[in-house]
Amino acid sequence: EKYPYIEKRAVLFSGETALFHPNIFLFYVRTAPFRHKPLIRRGRQDLRLIRCIFELRTITINGEAPQMFSCMECGTKENLTVFSLRDSAIYCPNCGKTIRDPWPLQPGTVLACRYIIAAPLAKLYGFTVNEEILDELERLLRAYLHRYVEKKMKTLQILDMMKQYKM
């Protein structure tokens, strides 16, 4: 049930990027779910998480990932829980008070984003998150894609339709 979803996602997404994309890392991100089928077949991965991983890592490879590893203002690496969509960056609670569009995030969401951005491709699909973190991650990526991706991805529209009809 999950494998055809991933296969359709990879095929559909290939139409969103340039033909014969020179970036080999993007190819590996696209095909990683196929190489990690046992994780997906055992039901350890939620399809929504697979989609989040795929989207954030693709954004990262294209050089447009949000800055999630230190506070954009003071540089601290601890207790980062306020995100700015406008700045595409994370802030500590003190510096987050001064930004125009504070978006409070749970620490687990920040850790998930960091892992997706920096993990080796072989380990990228080998983690899970709880439902609350996954919901927040989905909302964050939906808003981020809406703001920073110039055109609306048809892949996402098609996948949303597939989810409705449980394809």
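## Helix α7

At the start of α7, in what is a predicted model, the backbone nitrogen of Glu132 has a side-chain oxygen of Asn130 within 3.1 Å of it. The length of this helix is as expected, because at 1.5 Å a residue its 18 residues should span 26 Å, and the C-alpha atoms at its ends are 25 Å apart, which agrees.

The buried residues of α7 are Ile133, Leu134, Glu136, Leu137, Glu138, Leu140, Leu141, Tyr144 and Leu145. Arg139, which is also found in helix α7, is instead partly exposed, since its relative accessible area is 43%, a value that lies between the 20% below which a residue counts as buried and the 50% above which it counts as exposed. Although Arg139 and Cys52 are separated by 87 residues in sequence, their C-alpha atoms are 9.9 Å apart in space.

## The sheet and the helix across it

Three strands, in the order β2-β1-β3, make up an open sheet with antiparallel pairing. Strands β2 and β3 (102-104) stand at the edges with a single partner strand each, so that one side of each is left without a neighbour in the sheet. From one strand to the next, the twist averages 35°.

Strand β1 (residues 82-84) is joined to β3 by three bridges, the two running antiparallel, and within this part of the sheet Phe83 stands opposite Trp103 in β3. Helix α7 lies across β1 and β3, and its direction makes an angle of about 155° with that of β3.

## Helix α6

Helix α6 (residues 107-118) likewise agrees with its expected span, because 12 residues at 1.5 Å a residue should cover 16 Å and its end C-alpha atoms are 16 Å apart. Thr109, Val110, Ala112, Cys113, Arg114, Ile116 and Ile117 are buried in this helix, and the elements against which the buried residues of α6 pack are α4 (47-61), β2 (89-91) and α7 (131-148).

## The nonpolar core

In soluble globular proteins, nonpolar side chains tend to be buried together. Here the largest nonpolar core contains 36 residues, and Met68, Phe83 and Leu137 are those with the most contacts inside it. At least two residues of this core come from each of α4, β1, β2, α6 and α7, with α4 giving the most, at seven residues.

Leu137, buried in α7, has contacts with Leu49, Cys52, Thr109, Ala112, Cys113 and Ile116 when its neighbours within four places in sequence are left aside. Of these partners, Thr109, Ala112, Cys113 and Ile116 are among the buried residues of α6.

Definitions and conventions
Residues are numbered from 1 along each chain as its sequence is written. This is a predicted model: local features need pLDDT of at least 70, side-chain atom pairs count only at pLDDT 80 or more; totals for chains, interfaces and linings use all residues. Side-chain values use heavy atoms; hydrogens and water are left out. Helices (H or I, at least four residues) and strands (E, at least two) are DSSP runs, numbered from the N terminus. The expected span of a helix is 1.5 Å times one less than its number of residues. Buried means under 20% relative accessible area, exposed over 50%, partly exposed in between (1.4 Å probe, protein chains only). Contact means heavy atoms within 4.5 Å. Two strands pair if DSSP finds at least two bridges between them. Axes are lines fitted to C-alpha atoms, for helices over the stretch in contact, and angles run from 0 to 180 degrees between N-to-C directions. A polar contact is a pair of N or O atoms within 3.5 Å; within protein, one must be able to donate a hydrogen and the other to accept it, and residues adjacent in sequence count only if both atoms are side-chain atoms. A nonpolar core is a set of buried Ala, Val, Leu, Ile, Met, Phe, Trp, Tyr and Cys residues joined through side-chain atoms within 4.5 Å.
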